[in-house]
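Here are a few exercises to help you find your way around a new structure. Have a go at each task before you read the solution.

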Amino acid sequence: MSQNRKVGNIIATILKYAVLIFGAVFTILPFVWMISSSLKTPTELVQIPPSLFPETPQWSNYQEAWKAAPFARYFVNTLIVTFCTTCGVLVTTVLSAFAFSRLNFPGKKTVFSLFLATLMIPGEMLIITNYETIINLKWIDSYKAMIIPWISSAFYIYLLTRFFMQVPESLYLAAKVDKCSDFKYMIKIMVPMNKQAIFSIAILNIISSWNAFLWPLLVTNSQEMRVLSNGLVRFQTEAGSSTELIMAASCMLVMPIIIIYLFLRKYIIEGVTRSGLKG
Amino acid sequence: MDKKSFKGYLYLLPSIIIMLAFTIYPLIRAIIMSFLGDYSIINHGYSSIGFDNYKALFADPDFALSLRNTSIYVICVVPASIILSLIIAVLINSCNKTKAFFQTVYFLPYVTSVIAIGIVWRWMFNSNYGLINYFLGFFGIDPIPWLNRPEYAMPALIIFAIWKSMAFNILIFLAGLQTIPEDLYRAARIDSTPKLRVFTRITVPQLAPMIVYSSVIGMIGAFKVYNEVFSLFQGKAGPANKAMTIVYYIYDKFYNSYKYGVAAAGSVVLFIIILVMTQIQLRVTGEKKKK
């Protein structure tokens with residue numbers, strides 16, 4: 001009997017790992033295939049059966065892709081937009097979360113509910129009219145257009161407010177007795193005490209800014225203003241059948257985020273879990 | 001209590017300005033636009049005021065197709081993704097040493113650009129040299145023209161979307177599994193309850209709130225699908241636009257055909273769908289809190 005159970009357990013464990021490994025391979029296959037294809041020669045790319053690894057990695061594909069389109073410029077644009085958006089988000093989020101969690105002012109509850117209510121509005125719905133606004137402001141083809149509409153997020157404000165609420169009120173009252181100003185209290189106490197939450201928000205925002213696609217596509221015209229994701233799509237149309245170059249260009253968009261993810265996955269996973277579970 | 005002051009608004013000012021300019025105003029404007037016809041510069045007025053855009057919208061076979069496709073997409077992607085994620089999450093949770101490793105791997109699709117990875121999937125779906133047809137060849141399946149034939153466009157999109165959406169669900173389920181009291185499992189072990197029974201009688205009911213939550217979030221996301229379509233079909237909505245989705249339809253009307261009113265009407269319909277979904281979610285999470 002116990003012998004049978006032991007055998008059963010071993011089979012169950014093998015099955016479990018078989019399923020998990022199969023799923024894991026399925027999950028990372030597109031990434032592996034992207035990297036492998038980006039290092040192949042055109043002949044290797046279409047050979048049957050396909051090889052998992054190129055015979056000699058064609059690193060020159062990257063140079064070629066990099067030169068074929070102004071990817072350096074796209075890269076810089078993406079960095080500028082991501083950096084400015086994230087800084088903006090952090091400033092507005094900390095200020096608003098502080099106001100909602102510690103300050104008293106008339107209409108606070110109403111404004112907070114209004115902020116929460118905006119979460120139900122699909123962003124896809126607003127893009128048409130926001131595009132109109134950008135045209136009226138004459139912001140088309142500028143960094144402003146890509147950054148300013150995104151420097152405030154009701155979702156992050158809601159998230160950080162919940163974190164700020166957990167800081168004991170008594171600290172605030174003690175600071176008040178010591179004649180510490182609200183602003184100083186926010187900077188000196190609230191921000192350092194919640195630095196992990198703020199850091200998570202920053203990384204989540206970096207990821208979403210970096211991957212943003214449709215909005216920057218709409219509000220830019222010139223090649224000089226294009227971000228990586230738009231540049232990649234344009235390059236895909238231009239490069240036509242040079243799949244190895246398209247894969248190299250895709251790698252350039254994906255790799256920076258994967259590297260950030262591998263180093264900071266603790267914050268990213270925690271940030272997404274928390275924001276998910278608060279619902 | 002310290003005295004009420006308006007100082008709080010000073011702190012909120014940046015967020016309020018952005019929200020009014022880029023969320024509240026465009027929302028109201030989109031709703032108004034959906035009731036207005038084309039603007040004429042000659043007459044300085046709108047050609048019509050009323051439900052004309054909505055009539056045009058619902059008379060358009062493309063919009064009907066987009067509703068149909070989006071519904072198929074939601075019905076296929078969300079349940080499949082939830083069930084697979086649940087199985088994977090439970091299996092990962094039962095690992096000790098390899099748990100962190102598997103968690104890292106399975107979450108990867110969440111952080112990567114849909115556009116870039118969609119282009120890779122496009123390459124994998126290639127009918128002649130694609131990896132997927134190569135694997136199917138082992139099972140004696142003839143090459144499938146995934147991206148070139150209308151009937152295979154939606155399945156290709158759905159496979160890609162399931163791959164992409166599992167990451168978030170697995171994460172949420174793994175977090176949920178941590179909150180199940182260990183006592184329940186210990187009791188089951190003492191009674192030597194079969195594993196499958198433990199799964200259906202303890203794990204699933206205990207995770208029920210998370211499952212509902214993930215389903216609703218997944219449905220809301222699925223109704224808004226766009227980037228996946230764009231990248232998989234290189235800017236088109238599949239062969240002969242047969243994989244048209246609601247958001248794709250809205251942008252197409254707005255960006256390519258300049259039918260602003262119809263696009264606005266379409267986005268109001270999308271808004272209503274999302275609103276209903278959100279209400280369901282609030283109802284469900286509200287009930288959870290009451291318990």
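Before we start, one definition: two residues are in contact when heavy atoms lie within 4.5 Å. With that cut-off, residues 24 or more positions apart account for 74% of the contacts in chain A with a separation of 6 or more. Keep in mind that this is a predicted model.

**Exercise 1. Work out which elements chain A is built from, and how spread out the chain is.**

Step 1: Go through the secondary structure. Chain A has 14 helices and 0 strands, so reading from the N terminus you meet α-α-α-α-α-α-α-α-α-α-α-α-α-α.

Step 2: Look at the spread. The radius of gyration of chain A is 24 Å, while a compact globule of 279 residues would come near 19 Å. Along the principal axes, the C-alpha trace of chain A spans about 75 × 75 × 35 Å.

Step 3: Check burial and surface. Of the 279 residues in chain A, 51% are buried. The area that chain A exposes is about 13200 Å², with carbon and sulfur atoms supplying 68% of it.

Step 4: Add the charges. Chain A carries 23 positive and 13 negative side chains, and the centres of these two sets are 15 Å apart.

**Exercise 2. Now describe chain B in the same way: its elements, its spread and its charges.**

Step 1: Count the elements. You'll find 12 helices and 2 strands in chain B, and their order from the N terminus is α-β-β-α-α-α-α-α-α-α-α-α-α-α.

Step 2: Use the globule rule. For 291 residues the rule gives 19 Å, but chain B has a radius of gyration of 24 Å, well over that value, so chain B is more spread out than a compact globule. Its C-alpha atoms fill a box of roughly 80 × 75 × 30 Å along the principal axes.

Step 3: Turn to burial and contacts. Buried residues account for 51% of the 291 residues in chain B. If you take contacts in chain B between residues at least 6 apart in sequence, 66% of them join residues at least 24 apart.

Step 4: Finish with surface and charge. Chain B exposes about 14300 Å², 65% of it supplied by carbon and sulfur atoms. The mean positions of its 26 positive and 13 negative charges are 7 Å apart.

**Exercise 3. How much area do chain B and chain A bury between them, and which residues of chain B lose the most area to chain A?**

Step 1: Find the partners. On the chain B side, 89 residues are in contact with 90 residues of chain A.

Step 2: Get the area. The two chains, B and A, bury about 8100 Å² between them, and 76% of that is on carbon and sulfur atoms.

Step 3: Pick out the big contributors. Tyr11(B), Phe22(B) and Trp123(B) lose the most area in chain B, together 10% of what that side buries.

**Exercise 4. Take Lys67(A), Glu64(A) and Ile260(A), and say whether each is buried, partly exposed or exposed.**

Step 1: Recall the cut-offs: buried is under 20% relative accessible area, exposed is over 50%, and partly exposed is in between.

Step 2: Start in helix H3 of chain A, which covers residues 60-68 and holds Lys67(A). With a relative accessible area of 70%, Lys67(A) is exposed. Its C-alpha is 15 Å from that of Glu224(A), and the two residues are 157 apart in sequence.

Step 3: Stay in helix H3 of chain A for Glu64(A). Glu64(A) has 45% relative accessibility, so it counts as partly exposed. Ala249(A) is 185 residues away along the chain, yet the two C-alpha atoms are separated by 9.8 Å.

Step 4: Move to helix H14 of chain A (residues 243-278), where Ile260(A) sits. Its relative accessibility is 28%, so Ile260(A) counts as partly exposed. Beyond its neighbours within four places in sequence, Ile260(A) contacts Ile203(A), Ile206(A), Arg265(A) and Ile268(A). Ile260(A) and Ile203(A) are 57 residues apart in sequence and 8.6 Å apart from C-alpha to C-alpha.

**Exercise 5. Where do Lys138(A) and Ala240(B) lie, and are they buried or exposed?**

Step 1: Lys138(A) is in the loop between helix H6 (123-136) and helix H7 (143-147) of chain A. Its phi is positive, about 60 degrees, although Lys138(A) is not a glycine. At 72% relative accessible area, Lys138(A) is exposed.

Step 2: Ala240(B) is in the loop between helix H10 (227-232) and helix H11 (246-256) of chain B. Ala240(B) has a positive phi near 55 degrees, again in a residue other than glycine. Its relative accessible area is 62%, so Ala240(B) is exposed.

How values were computed:
Residues numbered from 1 in each chain as written. Chains lettered and ligands numbered in written order. Heavy atoms only, no water. Helix = DSSP H or I, 4+ residues; strand = E, 2+ residues; numbered from the N terminus. Rg over C-alpha atoms; globule rule 2.2 N^0.38 Å. Buried < 20%, exposed > 50% of the residue type's maximum accessible area, 1.4 Å probe, protein only. Areas by Shrake-Rupley, 256 points an atom, 1.4 Å probe, with all protein chains shown as cover. Lys, Arg positive; Asp, Glu negative; His and termini not counted. Charge placed at Lys NZ, Arg CZ, Asp CG, Glu CD. Buried area = accessible area lost by both parts, 1.4 Å probe.
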